[in-house]
Every structure is written in C-alpha cells, then in structure tokens.
Amino acid sequence: MSDDNQDPQALADEWAAALGEQTGNASVDVDSIMADMSAQEAEIAAAKAVELEELKDEAVPVADPKLDVIMDIPVEITMEVGQTEIPIRNLLKLSQGSVLELDRVAGEPLDVKVNGTLIAHGEVVVVNDRYGIRLTDVISPQERIKRLK
C-alpha cells in the first residue's frame, strides 16, 4: 500500500480516497483523519518513552565484556502462523493441495519465537520478493519470565 516514510498528509489523502471508494462517498474529512493519526502517534511515542524508561535500569550495555562471550551464539528464530492437531490417519492422507485449518484467524499476528520461547508478535511483509516479518509487539523480559512459571 504505502511506505512508512511517506508524508503524513499524503498518507491521510490516500486513506481518505480509499475510504471514499469503499463507502462511495468522496467527501471524507481529511482533517479529522489527520487529527486521529496525530493522536495515535502521540500515544505510541508516549508508550515507547515509558517502555524505554522502564528498561533503563535493566539494560546491560552491549559493550559489556561479560556479554561479548555470548554475542555470536546462534539462536533459532521461528515464526508460528498457527497450530492444529490431527490424527495420524488424516496425516497420512495429506497430499499436494491439502488444506489444514489452523487455530488462528486470518490477519491475527504471528508468534515470533527464539529457541521456542515467545518473544514478539508480528505481521508478514514482502521485501524484495522475500517474506519477512514486521514486529508489532515485543514481549517484555518480565512478561517472558511470568510465562515460564
């Protein structure tokens, strides 16, 4: 659709045009859309500032010699689209073109796991004809510890 670096006014105009096409009404209030976008951006900035303040005390500098030892250890990152359970009987019947129903709704965020531990949620993107994932929510270290218990 549009690039993240696009001018906010141009983005609002694009959304207004899309909404006008969808509703059949070309007179969409661009100013109210811009105001909503500005309010959302302010909320996001405030939330990021709070998160950064919370992590200041816990952050360990990357230049710490204790961490240099582990910085090059590879970890396995997986993106989980969904899960399902099927009996072996059905598993053996699978062939090319078979469809498995997953436990997720279309459009729901994917789980990003490192060595099997959930660390974030994200959405699929395509970059240079390759799939990627844009992180939409990163699980805090405190939350990860709570999930382990």
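A polar contact here is a pair of N or O atoms within 3.5 Å; within protein, one must be able to donate a hydrogen and the other to accept it, and residues adjacent in sequence count only if both atoms are side-chain atoms. One such contact joins the side chains of D111 and H121, at 3.0 Å.

This is a predicted model, in which local features need pLDDT of at least 70 and side-chain atom pairs count only at pLDDT 80 or more, while totals for chains, interfaces and linings use all residues. Residues are numbered from 1 along each chain as its sequence is written, and side-chain values use heavy atoms, with hydrogens and water left out. The pLDDT score is the predictor's confidence in each residue, from 0 to 100. For the protein chain it averages 75, and 60% of the residues score at least 70. Confidence bottoms out in helix α2 (residues 30–56), with a mean of 61, and is highest in helix α4 (residues 88–93), at 93. Where pLDDT is low, the predicted coordinates should not be read in detail.

Next comes the sheet. Helices (H or I, at least four residues) and strands (E, at least two) are DSSP runs, numbered from the N terminus, and two strands pair if DSSP finds at least two bridges between them. Four strands make an open sheet in the order β1-β2-β3-β4, with antiparallel pairing. The edges are taken by β1 (77–80) and β4 (130–138); each has a single partner strand, so one side of each is left without a neighbour in the sheet. On average, neighbouring strands of this sheet are turned by 40° against each other, direction ignored (axes are lines fitted to C-alpha atoms, and angles run from 0 to 180 degrees between N-to-C directions).

Strand β3 (residues 117–127) pairs with β4 in the antiparallel sense over eight bridges. Among the bridge partners, V126 goes with Y131 in β4, and E123 goes with R134 in β4. The hairpin of β3 and β4 has two residues between the strands, and N128 takes a positive phi near 50° there.

Strand β2 (residues 110–114) holds K113 as well as D111. Buried means under 20% relative accessible area, exposed over 50%, and partly exposed in between (1.4 Å probe, protein chains only). K113 counts as buried at 17%, and D111 is buried too, at 10%. The K113 side chain makes a polar contact of 3.2 Å with the side chain of E80. Contact in general means heavy atoms within 4.5 Å; leaving aside neighbours within four places in sequence, K113 is in contact with residues including I77, T78 and L118. On the same basis, D111 touches, among others, M79, A120 and H121.

Finally, the charged pairs. A salt bridge is a side-chain nitrogen of Lys or Arg within 4 Å of a carboxyl oxygen of Asp or Glu, and the whole structure has four of them. The side chains of R104 and D111 meet in one, at 2.4 Å from N to O. R104 also forms a salt bridge with E108, the closest N and O atoms being 4.0 Å apart; E108 counts as partly exposed, at 38%. Another salt bridge links E123 and R134, with the closest N and O atoms 2.9 Å apart. E123 lies in strand β3 and R134 in strand β4, so the pair ties together parts that are 11 residues apart in sequence. Both ends are partly exposed, E123 at 37% and R134 at 39%. Salt bridges that share partners join R104, E108 and D111 into one network.
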